[in-house]
Amino acid sequence: MPRIIGIISGSGIYPEEFMAAARAKAPDARLIMAAFKGETREELAEQADASAWFRVGQLGKMIKFLRKEGATEAVMVGQIAPRNLFDLRPDLRTAMLLARLKQKNAESIFGAIAEELAKDGITLLPATTFLEDIMPAAGHVCGPALDESATQDAEYGFKIAKETSRLDIGQTVIVRNGTVLAVEAFEGTNACIRRGGELGKGKDITLAKVSKPNQDFRFDVPVVGPDTVKNCAKSGVRTIAIEAGKTLMLGGDEVRAMCNEHKVSIVALT
C-alpha cells in the first residue's frame with residue numbers, strides 16, 4: 001500500500017516547500033490536502049492527489065475527509081491568520097475539544113487536534129518532515145558578516161527570546177544596542193518587526209527567533225523566509241538570529257539573494 005499523507009495546509013510558501021520535498025523524497029506517497037478558505041492557495045491544492053476545502057474550525061469534517069482518502073499520517077504546514085481564529089465557527093468536534101481545554105494557546109489547541117487525529121488512526125508528523133536539510137547549522141548563514149556590535153545584539157536577543165518563549169509569550173524579540181524594543185505576542189512576527197523598527201528608528205536592529213523549550217515540532221516550528229527578510233529590510237533590521245538546527249529557512253535561494261541585496265545578515269546560534 002502506498003504511503004498516504006494528509007497535508008493540513010495554511011498560507012505562505014511552507015505548504016509548497018513541504019509538497020515539493022515530499023514529492024522528491026517519497027515519490028510513491030499519495031498527498032491529500034485539507035485546504036482552508038482564505039488561507040491555502042488554490043493552485044497548490046490543485047497539485048495534490050486529492051483535496052477538499054474547509055473553514056477553520058471544521059475539525060470533524062476534515063478528519064472524515066482524511067479518513068475517507070485513507071490517510072494514516074498528517075502534517076500541519078503554513079499559517080492560519082489570527083483574524084480567522086477569532087472568527088471561528090467551530091463544528092461539534094471542535095467545540096468539544098475547546099471546552100475541555102483549560103488553556104487555549106497554540107500548543108494546547110494543536111496538541112488536542114493531534115489527539116483527535118490519533119483517535120481516528122492518523123499520526124501527526126513533525127512539521128519538519130522531509131525538510132530537515134533546510135534547517136541551518138550553527139554559524140553564519142548568509143548576508144554580510146557580523147561585526148562585534150551585531151554579534152553582541154544577536155546573542156543578547158537570542159537569550160531574551162529563549163526566556164519569552166519559555167513563558168509562552170512569543171518566540172521573537174527585536175533588540176538594538178542591548179535594549180529590547182519589541183516582543184512578539186499574538187500579533188505575529190511581521191507585526192513585531194514593524195513595531196520594533198518604528199521604535200528603533202529603522203537603524204541597526206536585530207531580530208532573534210528561537211524555538212520553545214521542549215518544542216513540539218509537530219506544529220509551530222520557527223520559520224524564516226522571503227517575507228521575513230522583506231519586512232526586516234523595510235524596518236531597518238540588519239541581523240536575523242535564528243536557532244541552529246531548529247529553524248526552517250524557506251525559499252532558501254530567494255532569501256540568500258534578498259539578504260545580499262538588502263545587506264541583511266542571518267546567523268544561526270545555539
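**Sheet and cores in a predicted model**

Tutor: This model is predicted, and in it six strands form an open sheet in the order 6-13-11-9-7-8, with mixed pairing.

Student: Why are strand 6 and strand 8 called edge strands?

Tutor: Strand 6 (139–142) and strand 8 (179–183) each pair on one side only.

Student: How do you know that strand 9 and strand 11 pair?

Tutor: Two strands pair if DSSP finds at least two bridges between them. Five bridges join strand 9 (residues 205–209) to strand 11 (residues 237–243), so these strands meet the cut-off. They run parallel, and Lys-209 has Ile-242 in strand 11 as its bridge partner.

Student: Which helix packs on the sheet and touches strand 8?

Tutor: That is helix 8 (residues 189–199), which also touches strand 7 (172–176), strand 9 and strand 11. The directions of helix 8 and strand 8 make an angle of about 140 degrees. Helix 10 (residues 252–262) packs on the sheet too, touching strand 6, strand 11 and strand 13 (265–269).

Student: Now the largest nonpolar core: what makes Leu-66 a member?

Tutor: A nonpolar core takes in buried residues of certain kinds, Leu among them, joined through side-chain atoms within 4.5 Å. Leu-66 is among the residues with the most contacts inside this core of 27 residues, so Leu-66 counts as buried, under 20% relative accessible area.

Student: Which helix gives the most to this core?

Tutor: Helix 3 does, with five residues. As for Leu-66, this residue touches Gly-6, Ile-32, Ala-71, Leu-117 and Ile-122, leaving aside residues up to four places away in sequence. Apart from this core lies another, of 25 residues, including Ala-21 and Val-77.

Notes:
Residues numbered from 1 in each chain as written. Predicted model: local features only at pLDDT ≥ 70, side-chain atom pairs only at ≥ 80, totals over all residues. Heavy atoms only, no water. Buried < 20%, exposed > 50% of the residue type's maximum accessible area, 1.4 Å probe, protein only. Helix = DSSP H or I, 4+ residues; strand = E, 2+ residues; numbered from the N terminus. Contact = heavy atoms within 4.5 Å. Axes fitted to C-alpha atoms, helices over the stretch in contact; angles between N-to-C directions.
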